[in-house]
Amino acid sequence: MARGVDQETGVPTLGGDTVQIGIAVDIPEPWGSLLTRRRLEAGDPNTVPAHVTLLGPTEIPVVALPEVERHLARVAVAHLPFTLHLRGTGTFRPVTQVVFVAVAAGISECELLAAAINAAPQLRRELRFPYHPHVTVAQDVAPEALDKAYEDLADFSAMFEVECFTLFSHSGQTRWQPRRDFRLGG
């Protein structure tokens, strides 16, 4: 598949005319690097910074990106900042081999943001599973590594204000790159 950079937007593209995007709430320091490091220690090859996904990897036409950004700006203005409390661990096993840090408060705010984001025609997609906000700390690794991550972070707790969400793009060759933050409440 040919890869390149769109001349108008400067966005890395997958096939010349599409780009893969994702939208997430970043986990701030000091917790973000701790959870990212924990995922690496589990042997998870997905070395993405710790985050709560609002829209998973979605391929869109590059020409749709400006309208998607306008939609995201409208979504952000319509939602107020909120407190996110991460506490303890959970797992999706046996359905998928995932261990995560659970969202204890801020669940409905994440659900409302995810639903509003997905309302854009370019972003609507069939989900394999119902949306469940969480921070993945181990995925598709040995069962022992999943167990260790689950046990090691069972007492984890972090509370912080979410003031924005971030649009990321991915060319297929590089890591996910932050493209733009969208401040909640304008």
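Which exposed residues does the face of α2 turned away from its buried side carry? Keep that in mind while we get our bearings; the tour reaches this helix shortly.

**The whole chain**

What you have open is a predicted model. Start with a cartoon view of the whole chain, where four helices and ten strands make up the secondary structure. Follow the sequence from its beginning and you will pass through the pattern β-β-β-α-β-α-β-β-α-β-α-β-β-β. The chain has 186 residues, and 45% of them count as buried. If you like contact maps, look well off the diagonal: among contacts with a separation of 6 or more, 73% join residues 24 or more positions apart.

**Stop 1: helix α2**

Now select residues 65-78, which form helix α2. Put a distance between the C-alpha atoms at its two ends and you should get 20 Å; at 1.5 Å a residue, the 14 residues should span 20 Å, so the two agree. Next, colour Leu65, Val68, Glu69, His71, Leu72, Val75 and Ala76, the buried residues of α2. Turn the view until you look down the axis: these residues fall within an arc of 160°, so they line one face of the helix. A glutamate and a histidine belong to this buried set, as Glu69 and His71.

What do the buried residues of α2 pack against? Show β3, β4, α3, β9 and β10 (177-183), and you have their partners. Then swing round to the other face for the reply to the opening question: Val77 and Ala78 are the exposed residues there, turned away from the buried side.

**Stop 2: helix α1**

Move to residues 31-41, helix α1. Select Gly32, Leu35, Thr36, Arg38 and Arg39, which are buried in this helix. They cover an arc of only 155° around the axis, which puts them on the same side of α1. The partners of this buried set are β5, β6, β7 and α4. Two arginines, Arg38 and Arg39, are among these buried residues.

Both ends of α1 repay a closer look. In the loop between β3 and α1 sits proline 30, and the peptide bond that leads into it from glutamate 29 is cis, with omega near 10°. Just after α1, glycine 43 has a positive phi of about 95°.

**Stop 3: more backbone to inspect**

Most residues other than glycine have a negative phi, and most peptide bonds are trans. With that in mind, select proline 94 in the loop between β5 (82-91) and β6 (98-105). The bond from arginine 93 to proline 94 is cis, with omega near 10°.

Then go to aspartate 140, in the loop between β7 and α4 (143-152). Its phi is near 55°, a positive value in a residue other than glycine. Is aspartate 140 buried or exposed? With a relative accessibility of 59%, aspartate 140 counts as exposed, because the cut-off for exposed is over 50%.

**Stop 4: two glutamates on α3**

Show the side chains of glutamate 109 and glutamate 111, both placed in helix α3. Glutamate 109 has 30% relative accessibility, so it counts as partly exposed. For a view across the sequence, draw a line from its C-alpha to that of leucine 84: the two are 25 residues apart in sequence and 8.8 Å apart in space.

Glutamate 111 is also partly exposed, at 37% relative accessibility. Leaving aside neighbours within four places in sequence, glutamate 111 is in contact with Tyr131 and Pro133. Between the C-alpha atoms of glutamate 111 and tyrosine 131 the distance is 7.2 Å, with 20 residues separating them in sequence.

**Stop 5: the largest pocket**

Finally, switch on a surface and look for the largest pocket, which holds about 1300 Å³ of space. To find its centre, select Thr53, Gly56, Pro57, Arg125 and His134, the closest to it of the 41 lining residues.

Which elements each supply at least two residues of the lining? Colour β3 (18-26), β4 (51-61), α3 (107-117), β7 (134-139) and β9 (164-170) to see them. The largest share belongs to β4, with six residues. Colouring the lining by residue type shows 20 nonpolar, 13 polar and eight charged residues.

Note on methods:
Residues numbered from 1 in each chain as written. Predicted model: local features only at pLDDT ≥ 70, side-chain atom pairs only at ≥ 80, totals over all residues. Heavy atoms only, no water. 1 Å grid on protein atoms, 1.4 Å probe; cavity = no way out; pocket = protein on both sides within 12 Å on 5 of 7 lines; lining within 4 Å. Points joined across faces, edges and corners; volume = space filled by probe spheres on them. Nonpolar A, V, L, I, M, F, W, Y, C, P; charged D, E, K, R; others polar. Buried < 20%, exposed > 50% of the residue type's maximum accessible area, 1.4 Å probe, protein only. Contact = heavy atoms within 4.5 Å. Expected span 1.5 Å × (residues − 1). Arc of directions from axis to C-beta.
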